[in-house]
Amino acid sequence: MELRTFKTLWGHVGSLADAVTACREHGFNGIEGQVPPAGERGNFRGMLADAGLDYIAEICTAGGYVPDRHAPVSAHIESLRRQAEAAVECRPLFLTVIAGCDAWSAEQSVDFFGQAMAIAGELGISASFETHRSRSLFNPWITRDILTQIPTLRLTCDFSHWCVVCERLIDTEPDVLALCAEHAHHVHARVGYDQGPQVPHPAAPEYAGALEAHERWWTQIWQSQLARGVSVATMTPEFGPDGYLHCMPFTVAPVADLSQINAWMGARQKQRFADLFPGASPQSQSGNHSAERPSTPVTMNNR
């Protein structure tokens, strides 16, 4: 099994060419982000191909990262289909989907996920659904109930959300963590803590306990993937802006550099993976072709 890491476009400042350069500098195997506008997709696809980079498409149903509270299941399905069809044009490895609504009943969520998986099947692409606040998989217990009813559902595991929702590190839920590991398709490597979804810096000693907890959970996922015969594990370090990044009062100066944090996290997890699975060969991106800077910058949404 190999570990491939991805650079998030959430919080990226600059052009697509800058993102490609950052992938080379920090050893990322590809890019994860929202699908570019129709007129930019050909250039986007070509630049990643020239650089030897893979792509994971991010989709948010019926709204931004927080859903339209009153959008029915049908609106989420329509939103998913439209965005998934656009994403296929960029030839992603798979879709990672921030989906549904935390106010839904379990029955509504099960209905939605069943239809969503059918759409992905029609389009011939895999879909992985994120454990994200404000969405259907916003806490461990509703996720457990949904997985029990849909045993083929794939997860993008971002446990940092659950830490703040539950106001604790979720080692208290070993059965749910084990179940999620069995369904894990992709990992968002951000470290949350009991009062927030993102620690100021994961290398800070005062947050060592939170980092170690998340790494235990990610190791459990890798072990499950290895046992399931997964050949490539994927992970996106996803520290970001928009209230996640701690800032100084009055000046709003960030307390850390997001690009450096995500690069640090990616390198650390590749080394951990190599230490845990010495027979594996974690790949760093190996593209060596030059990429032309587009005339317009890539605009990223807040999360």
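Author: Let's fix a term up front: buried means under 20% relative accessible area, exposed over 50%, and partly exposed in between, using a 1.4 Å probe and protein chains only. This is a predicted model, where local features need pLDDT of at least 70, side-chain atom pairs count only at pLDDT 80 or more, and totals for chains, interfaces and linings use all residues. Residues are numbered from 1 along each chain as its sequence is written, and side-chain values use heavy atoms, with hydrogens and water left out.

Reader: Which residues of α4 are buried?

Author: Helices (H or I, at least four residues) and strands (E, at least two) are DSSP runs, numbered from the N terminus. Helix α4 covers residues 106-123. Its cover includes α3, β5 (127-130) and α5 (140-149), with contact meaning heavy atoms within 4.5 Å. The buried residues are A106, S109, V110, F112, F113, A116, I119 and A120.

Reader: What residue follows α4, and what is the sign of its phi?

Author: The helix has 18 residues and reaches 26 Å from its first C-alpha to its last. Right after α4 comes G124, with phi near 70°, so to speak on the plus side: positive.

Reader: In what order do the eight strands close into a barrel?

Author: Two strands pair if DSSP finds at least two bridges between them. The pairing here is parallel. The order is β1-β2-β3-β4-β5-β6-β7-β8.

Reader: Which residue in β8 is the bridge partner of H188?

Author: Strand β7 (residues 184-189) and strand β8 (residues 232-237) pair in the parallel sense over three bridges. In β8, H188 has as its bridge partner T236.

How values were computed. Expected span 1.5 Å × (residues − 1).
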